[in-house]
Amino acid sequence: LNLLFSKDNNILINKLKKLNQFSSKQSSSLNGVIEIPGDKSISQRVLILGSIAIGTTRIKGISYSDDVNNLIKNLKLLGVKVIKKKTSTIISGVGIGGLSSTKKNLYMGNSGTATRLMLGLLCNQNFEAKFIGDKSLSNRNMHELIKPLRKMGAKINSKNNKLPIIIKGFNETMPIIYNQKIPSAQIKSAILIASLNSPGLTTIIENTPTRNHTEILLKKIGAKIQIKKIKEKNIIKINGQKELNAKDIVIAGDPSAAAIVGSAALITPQSEIKIKKVNMNKTRITFFNILKKMNANIKIINEKKISNEQVADITFKSSNLKGIHLGKKTVANMIDEIPIFSILATFAEGNSSFIGGNELKNKESNRIKSLYEGLTACKIKVKKKMDGLQITGNGKDNIFVNAKIKTYYDHRIAMAFLVMGLASKKKIIVDNINCIKTSFPNFLTLMKDIGANFSKKN
Ligand code: S3P
């Protein structure tokens, strides 16, 4: 009887698994003028910094993705008033050190960014807090951040440097000089946030500069922060202080989301799409520069500044792409775009590769592994390289089999492979689309609206 029951159970589990599958098929063209959700990195930073500023922060263009929604819930648990409206979000800041304790666990969902930034925020408050997350986040190593936070004096308990993590609180942290060897905007930002509530001058030597949204926002709300560029490095100095002053912020479209939608137009015949108001911060546009080198038909127009960030419209037209090789530094600056780059590489003429992407192993999934397995399932010629991959393209659709892709609950892997199916004669099925809500809740409807042949039926 037990055996029978477990067999039924397996059938049920398989049925449930199928419910989350989604397939993508060849599409005749993609066309339209669209806007995409606000930048996720900036949305998370504005919420956290707005919570500890004095006064009201009104945000326009926030991304209501799962990562952001979870963060809002956590800030509310910590005593911050956040009102979600359709076109704006309003935060009433409580001041640095003004957060209140909660007995509830802080559920960080899938978000590495929110986890790291919040560890920085809570490591010197007057209470204990426990961080937990979903399966993918609970597998990610936080050691590179725990190390400097402990050096500042933070008391952090965790097994294997992974979630669940308990921040003990109740103690002051002190400034440090941090020579950052591994490029990570999350770690840099966490230390900057921790330094606000640490008396004296914290210095970060950023050997490979990464996205600088935290620095831009901190300057805007009155933090005493200075950034000096010395050759390739950034030397960032920040003073602990009493008050930040809330400012209204407009958030432009997420360039990493634009990269995915735009790439779909590049590989689908007879396509032209315009994505309006995309964030074009120079630390985020490496992928678009690489596209130009790959012979992509893209144009950047209407450039302007909004809330101290560069913004523009981008047009993407069907293109004959050529392969390209990416070095370590380039990879560090387009870390979130490596999945979609790998898909474009399969449609490009000649070989492409990337190396030095060790950080890719500690993302929402081990992206080198997920990409290798997914491309291999599509029978693409792909070889493992030093922390990277070499991919052979043939200038057009080169997928000869229907393929089922394991996403490992990684939103960027799911979206990248769905885009691949749009320009392929064979069908691509991804095993779980729920993860896409992590960053891009309206991805499927937006893509269908511009002509994508996506369907629930496999
Ligand atoms: C992010 C930084 C990057 C990026 C992530 C978002 C951020 O991670 O991959 O999606 O908002 O600071 P690392 O800090 O690990 O490079």
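Which side chains meet in a salt bridge at 2.7 Å, N to O? In this predicted model, the two are those of K188 and E215. The pair links distant parts of the chain, with K188 in helix α7 (residues 185-196) and E215 in helix α8 (residues 213-220), 27 residues apart. K188 is buried, its relative accessible area being 0%. E215 also counts as buried, at 3% relative accessibility.

## Salt bridges

A search of the whole structure finds 18 salt bridges. Three of the pairs are set out below.

| Pair | Closest N to O | Relative accessible area |
|---|---|---|
| K188 and E215 | 2.7 Å | K188 0%, E215 3% |
| D39 and R284 | 3.0 Å | D39 0%, R284 4% |
| K168 and E128 | 3.2 Å | K168 29%, E128 37% |

The side chains of D39 and R284 meet at 3.0 Å. D39 lies in the loop between β2 (31-35) and α2 (40-52), and R284 in the loop between β15 (272-279) and α10 (286-293), so this salt bridge ties together parts that are 245 residues apart in sequence. D39 is buried, with a relative accessible area of 0%, and R284 is buried with 4%.

The salt bridge of K168 with E128 has its closest N and O atoms 3.2 Å apart. Because K168 is in the loop between β9 and β10 (177-180) and E128 in the loop between α4 (112-122) and β7 (129-132), the pair ties together parts that are 40 residues apart in sequence. Here K168 counts as partly exposed, at 29% relative accessibility, and E128 likewise counts as partly exposed, at 37%.

Beyond these pairs, salt bridges that share partners join R140, R211, D336, E364, R367, D410 and R412 into one network. Side chains of opposite charge can pair when their charged atoms come close.

## Strand pairing

An open sheet of four strands runs in the order β6-β7-β9-β8, and its pairing is mixed. The edges are held by β6 (106-107) and β8 (156-158); each has a single partner strand, so one side of each is left without a neighbour in the sheet. The partner of β8 is strand β9 (residues 165-167), and the two pair in the antiparallel sense over three bridges. Within this pairing, N157 stands opposite I166 in β9.

Strands β16 (residues 297-306) and β17 (residues 309-317) also pair in the antiparallel sense, over eight bridges. I298 has F316 in β17 as its bridge partner. The two strands form a hairpin with two residues between them, and S307 in the turn has a positive phi of about 45°. Strands of a sheet pair through backbone hydrogen bonds, either parallel or antiparallel.

## Surface patches

Two patches, one charged and one nonpolar, are described here. K17, K18, K135, K404 and K406 form a positive surface patch. One of its members, K135, lies in helix α5 (residues 135-138). K135 has a relative accessible area of 72%, and it is classed as exposed because this value is over the 50% cut-off.

The nonpolar surface patch covers about 310 Å² and is made by L12, L16 and L19. Of these residues, L12 has its place in helix α1 (residues 2-19).

Definitions and conventions: Residues numbered from 1 in each chain as written. Predicted model: local features only at pLDDT ≥ 70, side-chain atom pairs only at ≥ 80, totals over all residues. Heavy atoms only, no water. Patch = residues over 30% accessible without salt bridge, like charges linked within 9 Å, V, L, I, M, F, W, Y side chains within 5 Å. Areas by Shrake-Rupley, 256 points an atom, 1.4 Å probe, with all protein chains shown as cover. Lys, Arg positive; Asp, Glu negative; His and termini not counted. Charge placed at Lys NZ, Arg CZ, Asp CG, Glu CD. Buried < 20%, exposed > 50% of the residue type's maximum accessible area, 1.4 Å probe, protein only. Pairing = 2+ DSSP bridges.
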